[in-house]
Amino acid sequence: MRLWSLHPSLLDRQGLTACWREGLLAQAVLAGRTRGYTQHPQLVRFRRQPDPLVAVAAYLHAVADEATARGYRFDTTRVDVPEGERTRTAPQVPVTDGQLALEWRHLLDKLAVRSPERYAVVEQSGGPVPHPLFVVVPGGVEEWERAT
């Protein structure tokens, strides 16, 4: 499971669709609808939120917005909390600049192999931009990260 801290606009088609599927899986775990992945480290930051389901819904709605901008149709009825006041005002989740840098390098490595044309665009974009749910704070790689 990779719930990118990076803005969904940086992802290629495969990354965007995988992010959507994995976000839906995270939602199912947080809602108690599955027994798998319950200890997945990427869920830590969502569980720390006052309302984890609102936080993951805000995450998913931003992914769906990017999909719509690209002409894809992600079924937002699958998101437990509809887009609205609760998701638009969800507290931002802190992400360290070290985590964002690690994910940036990881994404560039993936794009270089899988989507060279997307790599060229993203690499020239000026650096990592966070997903709208996240706010960047100083720090190293997050303690829950397992890709180091």
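**Reading burial, salt bridges, core and pocket**

Trainee: What is the relative accessible area of R70, and is this residue buried, exposed or partly exposed?

Mentor: R70 has a relative accessible area of 25%, and therefore it is partly exposed. The class follows from two cut-offs: buried means under 20%, and exposed means over 50%. Please keep in mind that the model is predicted.

Trainee: With which residue does the side chain of R70 meet in a salt bridge?

Mentor: The general idea is that side chains of opposite charge can pair when their charged atoms come close. In this structure, the side chain of R70 meets that of E66 in a salt bridge, with 2.7 Å from N to O. E66 has a relative accessible area of 15%, so it counts as buried.

Trainee: Which residues are joined into one network by salt bridges that share partners?

Mentor: Here one looks for a residue that takes part in more than a single pairing. Shared partners join R2, E103 and E145 into one network of salt bridges. Within it, the side chains of R2 and E103 meet at 3.7 Å, N to O. E103 belongs to helix α5, residues 97–114, whereas R2 sits in the segment before α1 (13–30), so this pair ties together parts that are 101 residues apart in sequence. Both R2 and E103 are buried.

Trainee: How many salt bridges does the structure hold, and which residue does R86 meet in one of them?

Mentor: The structure holds seven salt bridges. R86 meets D51 through their side chains, at 3.2 Å from N to O. Since R86 lies in helix α4 and D51 in the loop between α2 (44–47) and α3, the pair ties together parts that are 35 residues apart in sequence. As for exposure, R86 is partly exposed because its relative accessibility is 49%, and D51 is also partly exposed, at 32%.

Trainee: Let us turn to the interior. Which residues touch the most other members of the largest nonpolar core?

Mentor: To read a core, one may begin with its most connected members and then ask which elements supply it. The largest nonpolar core has 38 residues, and W20, F46 and Y59 touch the most other members. The elements that give two or more residues to this core are α1, α3, β1 (93–96) and α5. Of these, α3 gives the most, with ten residues.

Trainee: What is Y59 in contact with, leaving aside its neighbours within four places in sequence?

Mentor: With those neighbours left aside, Y59 is in contact with L3, W4, C19, F46, H131, L133 and F134. V56 offers a further case, as its place is in helix α3. V56 counts as buried because its relative accessibility is 1%. Not counting residues up to four places away in sequence, V56 touches G23, A26, Q27, L30 and F46. V56 and F46 are ten residues apart along the chain, and 6.7 Å separates their C-alpha atoms.

Trainee: For contrast, where is P138 found, and is this residue buried or exposed?

Mentor: P138 is found in the segment after β2 (134–137). Its relative accessible area of 73% is why P138 is classed as exposed. Exposure does not exclude contacts: leaving aside neighbours within four places in sequence, P138 is in contact with T96 and D97. The C-alpha atoms of P138 and Q99 are 9.6 Å apart in space, while the two residues are 39 apart in sequence.

Trainee: Which residue has a positive phi although it is not a glycine?

Mentor: Backbone angles are read residue by residue. Y37 has a positive phi of about 60° although it is not a glycine. Y37 has its place in the loop between α1 and α2. With a relative accessibility of 47%, Y37 counts as partly exposed.

Trainee: Finally, what is the volume of the largest pocket, and which residues line it?

Mentor: A pocket is read by its volume, its lining and the chemical classes of that lining. The largest pocket has a volume of about 210 Å³. Its lining consists of A58, H61, A62, D65, E83, T87, R88, A90, Q92, H131, P132 and L133. Two elements, α3 (52–69) and α4 (85–88), give two or more residues to this lining. Helix α3 gives the most, with four residues. By class, the lining has five nonpolar, four polar and three charged residues.

Technical notes:
Residues numbered from 1 in each chain as written. Predicted model: local features only at pLDDT ≥ 70, side-chain atom pairs only at ≥ 80, totals over all residues. Heavy atoms only, no water. 1 Å grid on protein atoms, 1.4 Å probe; cavity = no way out; pocket = protein on both sides within 12 Å on 5 of 7 lines; lining within 4 Å. Points joined across faces, edges and corners; volume = space filled by probe spheres on them. Nonpolar A, V, L, I, M, F, W, Y, C, P; charged D, E, K, R; others polar. Salt bridge = Lys/Arg side-chain N within 4 Å of Asp/Glu carboxyl O. Buried < 20%, exposed > 50% of the residue type's maximum accessible area, 1.4 Å probe, protein only. Core = buried A, V, L, I, M, F, W, Y, C linked by side-chain atoms within 4.5 Å. Contact = heavy atoms within 4.5 Å.
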